[in-house]
Amino acid sequence: MTGRRRVNVRCGDSRAALRTALAALLGLFVAAHIADASPRESPRIASLGIGVAGVYRTDRWCPVEVRVADVDADGEFMLEIDAGDPSDRIVNYRSSVRLLAKVENRVAQLVRLGGVGRSNAQIVARLRDAGGTIVAERSFALADLAEPLEDDESLVPIVGRLSGLDAVEYRRGHEHHQAVFRQLTSLAQLPAVGWQSLTDRTLALDAVDTVVWLAGQSPDDFNEERDARHVELLDDWVRGGGRLILSLGPHASQSFANGPTLRRMNVAIQSESSELRQIAPLETFVGDAAIASGRPNAGRSDARPFRLPIVQLAAGDGKTVAAAGQSAAALPLVVRMPHGFGEIVVVAFDLGDEALAAWPGRARLSSKIFALGESDESSTPVDRPLSAAWSAKAYESLSEQLADALDQFPGASPSRFWYLAAAALGYILVIGPLDRYVVRRKPEWTWATFLATVAVVAVGAYYVVRATKADAPLVNQLCFIDVDLTASDAT
């Protein structure tokens, strides 16, 4: 009897456990069904991105990127952003956007933000459908998303991988002015947005002083078709007065292949690459004797030799400020070239290359390249043949070049000095010795011959000028049209 009771007890426990497991599974199934049947917010504002790499300036335009998810069907929506401007006023910014279903949509708008310490340091993003109904809304704390730049700070975003930025002391104006370096992992993180949401795309980089693009570090870090939109943004920004530092890595020849990107920027590279096996050209460019004494691999027999891959740049309009060699066949290392109202600094090697990691002058090299567009305290430049016309007149600014160009009229050249001097000398001989020889017997006739000579020469000069002078007037002028977007209605 005792053995049977134990068996019955064990059978009863197993049945209870089975019923409990079935009840738990049934509860999970019912909960999942209820969750699926519950209403879901569609669309949904997933996140918000502000500025360039999370940095903005309170006195400039700032891009705000809104990521929208869970869109059921394609459609037109109205994006609204409520943000406090530098005057502590809440401004409503609106733009029409088109959202696609089953993908994460990224839409953008330009705003002007105040500081994070203000009482209205909140930013609200909302979406309205075609009928004006609010379908999604979410507020964010500005301090959790971005930080404003100080008045003495400059924003230098870097596209690519460049370590050791904390050692770069980049000063402009006074010794406490240090740049804010912001690392970007890819070109796609630049705030390139469509025309439907921005009046001027270049305003997305309004707070940026310099863009450093480390291109060609890997075979897949750049794609002509994928990144064409962002390259167009960079080109427009540089032409409007920006400064781009283009550092070409070992894979730049394969990535660009002299495609539309380089042609747009007036940069041409050869298919063949080379190597820099001596650090001396970079030491000369940096111009520090202390760095030369601490060159890498000095005094070590087991150290790896210095090998820095460089891209061979083709001849073009620009000024070579650093080169490997002094002859006409020297390989340019750093070239500055004007591009519209801005400038492009082309570096023929990767600033993040491992060969430069052990060099004590690496920080000075980066700092000097970053500051090339702001001061001309670099070493003696090596002018390229095609830039002789630019450098011969020693232009210090674009205004000097424009002022000089206004005085030049192509196709019209003044008379040579020797022609005028010969005509003046002949006139003196006619009214002097020749006239005296003619009237030497009757000197009183000289009054009549003098007046006749003056009249004949004047009439002849008039007809000569009329025959050689062009009929069409020549006018040289330059017109600037400045559109002040700050005075327009933000809504």
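## Exercises around Trp213 and beyond

**Exercise 1.** Find the residues in contact with Trp213, leaving aside its neighbours within four places in sequence.

*Solution.* Start with the criterion: contact means heavy atoms within 4.5 Å. Trp213 then touches Val159, Leu187, Phe222, Val231, Leu234, Leu244, Ile245, Leu246, Ser247, Phe256, Thr261 and Met265.

Before you go on, a word on the model: it is predicted, with local features needing pLDDT of at least 70 and side-chain atom pairs counting only at pLDDT 80 or more, while totals for chains, interfaces and linings use all residues. Residues are numbered from 1 along each chain as its sequence is written, and side-chain values use heavy atoms, with hydrogens and water left out.

**Exercise 2.** Place Trp213 in the largest nonpolar core.

*Solution.* First, the terms. A nonpolar core is a set of buried Ala, Val, Leu, Ile, Met, Phe, Trp, Tyr and Cys residues joined through side-chain atoms within 4.5 Å. Buried means under 20% relative accessible area, exposed means over 50%, and partly exposed is in between (1.4 Å probe, protein chains only).

Next, the members. The largest core has 37 residues, and those touching the most other members are Leu187, Trp213, Leu234, Leu248 and Phe256. Helix α3 (residues 228-239) is the main contributor to this core, giving five residues. Here helices (H or I, at least four residues) and strands (E, at least two) are DSSP runs, numbered from the N terminus.

Then look elsewhere: a second, separate core holds 32 residues, including Leu162, Leu276, Leu333 and Phe349. In the chain of 491 residues, 37% count as buried.

**Exercise 3.** Work out which strands stand at the edges of the three-stranded open sheet.

*Solution.* Read the order, which is β1-β3-β6 with antiparallel pairing; two strands pair if DSSP finds at least two bridges between them. β1 (44-50) and β6 (105-111) each have a single partner strand, so they stand at the edges, with one side of each left without a neighbour in the sheet. The twist averages 25° from one strand to the next, using axes that are lines fitted to C-alpha atoms (for helices over the stretch in contact), with angles from 0 to 180 degrees between N-to-C directions.

Now zoom in on one pair. Strand β3 (residues 62-69) joins β6 through seven antiparallel bridges, and Val66 stands opposite Val107 in β6.

**Exercise 4.** Describe phi and accessibility at the loop residues Asp70 and Lys102.

*Solution.* Recall the background: most residues other than glycine have a negative phi. Asp70, in the loop between β3 and β4, has a positive phi near 60°. Lys102, in the loop between β5 and β6, has a positive phi near 65°. For accessibility, Asp70 is partly exposed at 29%, whereas Lys102 is exposed at 82%.

**Exercise 5.** Check the span of helix α11 (residues 417-438) and locate its kink.

*Solution.* The expected span is 1.5 Å times one less than the number of residues. For the 22 residues of α11, that gives 32 Å, and the end C-alpha atoms lie 30 Å apart, which agrees. The kink, about 35°, is at Val430, shortly before the proline Pro433. The bend at a residue is the angle between axes fitted to the seven residues ending there and the seven starting there.
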